[in-house]
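Hi everyone, thanks for making time for this one. I'd like to walk you through a structure, so have a look at it first and then we'll go through it together.

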Amino acid sequence: ECVILDSEGKEVPYGEKGEIVVKGENVMAGYWKNPESTAKTVVDGWLHTGDMGYICPEDHDFLYVTGRFKSLLISADGEKYSPEGFEDSLTDGSKFIDQVILHNDMKPYTILLLVPNMDALKEYVKSQNAKLDPQSVEAKKLMLDKLQAEIDNYKTGGSKGGMFPDRWLPAAIAVLPEAFTERNGLVNSTMKIVRGKVEKYFADRIDYAY
């Protein structure tokens with residue numbers, strides 16, 4: 001069995017996005033020796049997956065998974081947005097950007113935590129001016145301008161404009177000094193970025209961006 005629930009736990013109509021919640025003999029009984037997490041995740045036999053999706057409104061036979069329900073961004077006016085589509089597009093589409101986290105927790109604008117690919121950026125600087133020292137102020141400005149240009153591509157009029165709502169594109173970018181790794185605890189054993197830990201680890205950068 002499968003239902004789609006909104007943020008208040010109410011079932012939504014076919015075609016409307018919400019959290020995917022499932023029930024059946026294939027669903028786990030709970031987490032091993034972790035009753036607290038089990039109580040939050042399995043409620044009356046229903047597993048709250050944390051994934052966002054919707055059921056096809058025409059024939060109800062297809063379930064579409066569109067992102068993570070629990071990683072929703074929330075703007076100052078209460079609108080919610082799933083960041084994974086933009087994050088994946090940015091890292092998949094730019095050789096200059098290795099990792100990103102889009103962030104908004106009831107703020108007037110969205111920010112981006114960005115891990116650059118320094119090797120690619122140094123090559124870019126070299127292609128623009130082979131005589132520039134990669135550590136110079138001029139080189140770093142070229143790098144920052146290039147990163148900004150990669151993001152500006154998604155704005156209205158850009159080569160990728162219209163893929164994502166303009167209001168959810170980052171108004172400020174924090175270029176980070178280290179990558180998200182298992183060593184610093186910012187990715188898990190399956191190499192997925194742990195959003196909450198990243199936001200806590202770089203809380204000072206987030207505060208500065210606002």
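Before I point at anything, one term: when I say helix or strand, I mean a DSSP run, at least four residues of H or I for a helix and at least two of E for a strand, numbered from the N terminus. Please also keep in mind that this is a predicted model.

With that term in hand, let's start at a loop. Lys33 sits between β2 (18–22) and α1 (35–41), in the loop that joins them. Its phi is near 55°, a positive value, and Lys33 is not a glycine. Is Lys33 buried or exposed? Lys33 is exposed, because its relative accessibility is 72% and the cut-off for exposed is over 50%.

Asp44 gives us a companion case. Asp44 also shows a positive phi, about 55°, without being a glycine. You'll find Asp44 in the loop between β3 (42–43) and β4 (46–55). With 69% relative accessibility, Asp44 counts as exposed.

Now let me step back to the whole protein. How many helices and strands does the protein have? There are six helices and eleven strands. The C-alpha trace spans about 65 × 40 × 30 Å along its principal axes. Of the 210 residues, 37% are buried. The accessible surface is about 12,800 Å², and carbon and sulfur atoms account for 51% of that. For those of you who think about charge, there are 25 positive and 34 negative charges, and their mean positions lie 7 Å apart. On contacts, take the ones between residues at least 6 apart in sequence: 50% of these join residues at least 24 apart.

Let's go inside. The largest nonpolar core has 22 residues, and Tyr81, Phe86, Leu90, Leu112 and Leu114 have the most contacts within it. Which elements give two or more residues to this core? They are α2, β8, β10, α3 (118–128) and α4. There is also a second, separate core of 14 residues, with Ile101, Ile111, Val115 and Ala209 among them.

Helix α2 deserves a slide of its own. Helix α2 runs over residues 84–93, and its buried residues are Glu84, Phe86, Glu87, Ser89 and Leu90. A quick reminder for reading that list: an α-helix has 3.6 residues a turn, so residues three or four places apart point the same way. What covers these buried residues of α2? The cover includes β5 (63–68), β7 (80–81), β8 (97–103), β10 (111–116), α4 (137–152) and α5 (195–201).

Just past that helix, Ser94 lies in the loop between α2 and β8. Ser94 counts as buried because its relative accessible area is 6%. If you'd like a distance across the model, the C-alpha atoms of Ser94 and Ile206 are 23 Å apart, with these positions 112 residues apart along the chain.

Back to Phe86, my favourite residue here. Leaving aside residues up to four places away in sequence, Phe86 touches Tyr81, Leu102, Leu112, Tyr154, Phe164, Leu169 and Pro170. Ring pairs join Phe86, Tyr154 and Phe164 into a cluster.

Across the whole structure, a search finds nine aromatic pairs. In one of them, Phe86 and Phe164 meet edge-to-face, with 5.6 Å from centre to centre and 85° between the planes. That pair connects distant parts of the chain: Phe86 is in helix α2, Phe164 is in the loop between α4 and β11 (172–175), and the two are 78 residues apart. Phe86 and Phe164 are both buried.

Phe180 and Phe202 make another pair. Their ring centres are 6.2 Å apart and the planes meet at 50°, so this pair is tilted. Phe180 is in the loop between β11 and α5, while Phe202 is in the loop between α5 and α6 (203–209), so the pair ties together parts 22 residues apart in sequence. Phe180 counts as buried at 3% relative accessibility, and Phe202 is buried too, with a relative accessible area of 4%.

One last stop: Gln135, in the loop between α3 and α4. Which residues does Gln135 touch, not counting residues up to four places away in sequence? Gln135 touches Lys122 and Lys140. The C-alpha atoms of Gln135 and Lys122 are separated by 9.3 Å, and these residues are 13 apart along the chain.

Notes. Residues numbered from 1 in each chain as written. Predicted model: local features only at pLDDT ≥ 70, side-chain atom pairs only at ≥ 80, totals over all residues. Heavy atoms only, no water. Buried < 20%, exposed > 50% of the residue type's maximum accessible area, 1.4 Å probe, protein only. Contact = heavy atoms within 4.5 Å. Areas by Shrake-Rupley, 256 points an atom, 1.4 Å probe, with all protein chains shown as cover. Lys, Arg positive; Asp, Glu negative; His and termini not counted. Charge placed at Lys NZ, Arg CZ, Asp CG, Glu CD. Core = buried A, V, L, I, M, F, W, Y, C linked by side-chain atoms within 4.5 Å. Phe/Tyr/Trp six-rings, centres within 6.5 Å; stacked < 30°, edge-to-face > 60°.
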